[in-house]
Amino acid sequence: MEPTQTRTDRAAILLINLLSILLPLVLLLGFLWAAQPRTLQRNDTALLYTVTLPAVREEYLSGLQADVPVLDAVSKRPIGHLLAYTVEPATTQGYHQRAGRMRLVEYPGHKRVTMTIRAQGKRMAGGYSLAGFTLYQGEKISLRLPNFVGSGSCTGLQAQALS
Amino acid sequence: MQHPRGRYVKLNIADYLLIAVAVLLLLALLFRGVGMLVSGKAETCRADVEFVVRGLDETRMEQLIAEKAPFLLADGSTLATQFETTVHRETMLVWNEDGSMTETEDPSAYRVTVSFTAEGELASDGTFLFGGTRRLATGEALVLTQAQVTYTADVVRVSVRGG
């Protein structure tokens, strides 16, 4: 600033300086905030859903544990709380040569795991929004527990509106 | 800005950039601090980790167990420098006439289990975090490099010792 400027001029320039820094910053942060996927949503529905993992190697079962948080394996966002799980023999299709037909047979070394998960979501057209994706029955889900990673499909979904 | 001799001077583009970067850094630190306060400080701990490399022929199996070079993750970070290896015969599934399957030893393939101790942190959701960000859990698929050779492996055990 030139020495001949008055005190008012100096104050005005300082304010402009400040605005010219803060305004672009606010715009930038606003743009970043608007561009990111929505993580916060107003949940209006209590969900109880089951995910079936059709064939999990038996050696991975040691990592399973109930009463733990469940994350979406892709986005790492929470998608509920694992209440319980069941382990049953896994099956696959086999060909009975003499009978000439397909039949369901046990898949050695593998188990079918069904997980019951409690969550809160938002009702959407045809499904429920949960941590950024829409949950339907039949939806493929990759989930991550504290010491277990696996993929399966949503095989059951119960919803109850939150008051 | 205040000139050393007590007079105000005009800000140039470098000054604006400097102030903008400083404000951004300050905001980032602020958010980081709040995030740590909200999520809680991660606990440092050790974990016994095992991963399995499947379906190796004899040459590659011998190469793997003789090699003492560290295993690197796909991003170039080191997963294990000191480790132990255990060799098992690989198994294979054989179809029976009735369509069922039987698990038998594969005479031409080997499975190598690599065990090591990893240092990391326990995330707030209970997951073992290796190297600050890399989650390790049972069932996780890894792409590893050792002495210019790439292997695909599955994590079969993550046993956290304490925190």
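**Exercise 1. The interface**

Task: State how many residues chain B and chain A each bring to their contact, then give the area buried between them.

Solution.
- Step 1. Chain A supplies 36 residues to the contact, and chain B supplies 36 residues. The model is a predicted one.
- Step 2. Interface size is often quoted as the accessible area lost when the parts come together.
- Step 3. For chain B and chain A, that buried area is about 2,900 Å². Carbon and sulfur atoms account for 59% of it.

**Exercise 2. Polar links across the interface**

Task: Count the salt bridges and the polar contacts between chain B and chain A, and find which elements of chain B touch chain A.

Solution.
- Step 1. The rule finds four salt bridges across the interface.
- Step 2. One salt bridge joins the side chains of B:Asp98 and A:Arg103, at 3.8 Å from N to O. The distance passes because the cut-off is within 4 Å.
- Step 3. Ten residue pairs are in polar contact between the two chains, both residues at pLDDT 80 or more.
- Step 4. On chain B, at least two residues each come from helix H1 (13-39), strand S4 (84-95), strand S5 (101-122), strand S7 (134-136) and strand S9 (149-162).
- Step 5. H1(B) gives the most to this side, with six residues.

**Exercise 3. A nonpolar patch**

Task: List the residues of the nonpolar surface patch, and name the element that gives the most to it.

Solution.
- Step 1. The patch is formed by A:Leu28, A:Leu29, A:Phe31, A:Leu32 and B:Leu24. Its area is about 440 Å².
- Step 2. Helix H1 (residues 7-35) of chain A gives the most, with four residues.
- Step 3. Take A:Leu28, which sits in helix H1 of chain A. Its relative accessibility is 39%, so A:Leu28 counts as partly exposed.

**Exercise 4. Two threonines**

Task: Decide whether B:Thr113 is buried or exposed, classify A:Thr116 by its accessible area, and list the contacts of each.

Solution.
- Step 1. B:Thr113 belongs to strand S5 of chain B. It counts as buried because its relative accessibility is 10%, and the cut-off is under 20%.
- Step 2. Leaving out residues up to four places away in sequence, B:Thr113 touches B:Glu50, B:Phe51, B:Val52, B:Glu84, B:Thr85, B:Thr86 and B:His88.
- Step 3. A:Thr116 lies in strand S4 (residues 101-124) of chain A. With a relative accessible area of 23%, A:Thr116 is partly exposed.
- Step 4. With the sequence limit of up to four places again left out, A:Thr116 touches A:Leu48, A:Tyr49, A:Thr50, A:His81, A:Leu82, A:Leu83 and A:Ala84.
- Step 5. A:Thr116 and A:Ala66 are 50 residues apart in sequence, yet 9.4 Å apart in space, C-alpha to C-alpha.

Methods
Residues are numbered from 1 along each chain as its sequence is written. Chains are lettered from A and ligands numbered from 1 in the order in which they are written. This is a predicted model: local features need pLDDT of at least 70, side-chain atom pairs count only at pLDDT 80 or more; totals for chains, interfaces and linings use all residues. Side-chain values use heavy atoms; hydrogens and water are left out. Patches are made of residues with over 30% relative accessible area and no salt bridge: like charges are joined within 9 Å, nonpolar side chains (Val, Leu, Ile, Met, Phe, Trp, Tyr) within 5 Å. Accessible areas come from the Shrake-Rupley method with a 1.4 Å probe; for residues, only the protein chains shown count as cover. Buried means under 20% relative accessible area, exposed over 50%, partly exposed in between (1.4 Å probe, protein chains only). Contact means heavy atoms within 4.5 Å. Buried area is the accessible area (1.4 Å probe) that two parts lose on being put together, summed over both. A polar contact is a pair of N or O atoms within 3.5 Å; within protein, one must be able to donate a hydrogen and the other to accept it, and residues adjacent in sequence count only if both atoms are side-chain atoms.
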